Amino acid sequence: MASYILLERLKVENANALAGMTYGFPALTSFLGFTHALSRKFSAEFGNAFTGCAIFCHDYELNAYQDYYIKFIQNRCPPSTLKGKSADAKSPAPIIEEAKMDMTISVLLQCDKSLSTNLDNIKNYILRLKQWIYSSRLAGGSIHHINDIKLLGDDIKKLKKYILPSFVLLDASHYLQEHEQYYLNHHIDKNTFDRWTDFFAFKYQAIQNHNDDSDEHNEVLWQRIIPPNKKGWIVPLMLGFKGISPLYPPEQVENLRDHRYPFRFVEAIHGLGEWKSSHRIDDIQSLIWRYDCRDEWYLCRQKPQIQQPLFDVNQIFNDDEEDLQF
């Protein structure tokens, strides 16, 4: 029984490569937002909604040059749309520093109930999904190619047949919790930010080499700090947002982009992610990223701590203003 839809090898151009303080891959919220947009259209037409997605990366290329960690390829955008002979119309567009990337990814959508196996219905699923995908943006980038769309069940071997070779993005925040517990147990004073950067920053520390002959000639050696998790491709990851203000009705806040929805100031929440080769996965359920919304937290998790969210995301983004709750 098919309950997953695989969007195989989407080619995305100029996707946003910045997410909070991280650089190199779009934010998780971009993928869940893309899934949510497709879900609303799919649910309205076929009665099935998407509850989450798994992310597989086949290839990527950052739009950068030389020292690619810090130097983005900059564009003059947006192009001038002014017409006439005025000085403003002739002036060049401003240079806006943006981190962009091209990528080839596969997205596995999880459905809330089984899909029809009727051939005509399957053709309709694929036809409509392709129309919606080509008219959508993913992380601000343009989707210009999709290899195919497959309907899958829980068979992991069949999934690997379509996604290999690739790397799947996993939540590795439990490594950070274990690392923090180690420091607490050994009474080592180190702030949370330093403990977080231990996993991916290139760090050295000074070690004093004691000489028994004379204390005056003790030398200091610089020693590389080994990351706590020696195995795996661990990366910093933005997991969502945390509200830092009350939820305001739209009429109480000036200069909102959209006055249909309530407003709240937020800060980005960061954790750890792991890119694992797809041939090592053995369970589809553990790959699915979902919303975990409760109180002031808006997170993307693979294993939500709270099974019953405080509010339904679909309700928050409902177009009907009467459904909004304050």
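Guide: Accessible areas here are calculated by the Shrake-Rupley method with a 1.4 Å probe. On that basis the protein in this predicted model has an accessible surface of about 19600 Å², and carbon and sulfur atoms hold 49% of that area.

Visitor: How many helices and strands does the protein have, and what share of its residues counts as buried?

Guide: The secondary structure comprises 7 helices and 16 strands, and 40% of the 326 residues count as buried. Among contacts with a separation of 6 or more, 71% link residues that stand 24 or more positions apart.

Visitor: Why is T29 called buried?

Guide: The cut-off for buried is under 20% relative accessible area, and T29 has a relative accessibility of 19%, so T29 counts as buried. This residue belongs to helix 1, which covers residues 28–46, and, leaving aside neighbours within four places in sequence, T29 is in contact with M238, G240, F241, Y298 and C300.

Visitor: How do you know whether F202 is buried or exposed?

Guide: A residue is exposed when its relative accessible area is over 50%, and because F202 reaches 63%, F202 is counted as exposed. F202 sits in the loop between helix 6 (192–197) and strand 11 (204–209).

Visitor: What makes up the nonpolar surface patch of about 520 Å²?

Guide: The patch is made by F202, Y204, V220 and W222. Membership requires over 30% relative accessible area, and F202, at 63%, satisfies that requirement.

Visitor: Why is N14 called partly exposed?

Guide: Partly exposed is the class between the 20% and 50% limits, and N14, with a relative accessibility of 38%, therefore falls into that class. N14 is part of strand 1.

Visitor: What is there to note about the phi of N14?

Guide: The phi of N14 is near 55°, a positive value in a residue other than glycine. R9 also has a phi near 55°, again positive and again in a residue other than glycine, and R9 is placed in strand 1, which spans residues 4–16. Such values are worth pointing out because most residues other than glycine have a negative phi.

Visitor: Which kind of peptide bond joins L164 and P165?

Guide: The bond that joins L164 and P165 is cis, with an omega of about -5°. P165 lies in the loop between helix 4 (156–163) and strand 10 (167–171). A cis bond is pointed out because most peptide bonds are trans.

Note on methods: Residues numbered from 1 in each chain as written. Predicted model: local features only at pLDDT ≥ 70, side-chain atom pairs only at ≥ 80, totals over all residues. Heavy atoms only, no water. Helix = DSSP H or I, 4+ residues; strand = E, 2+ residues; numbered from the N terminus. Buried < 20%, exposed > 50% of the residue type's maximum accessible area, 1.4 Å probe, protein only. Contact = heavy atoms within 4.5 Å. Patch = residues over 30% accessible without salt bridge, like charges linked within 9 Å, V, L, I, M, F, W, Y side chains within 5 Å. Salt bridge = Lys/Arg side-chain N within 4 Å of Asp/Glu carboxyl O.
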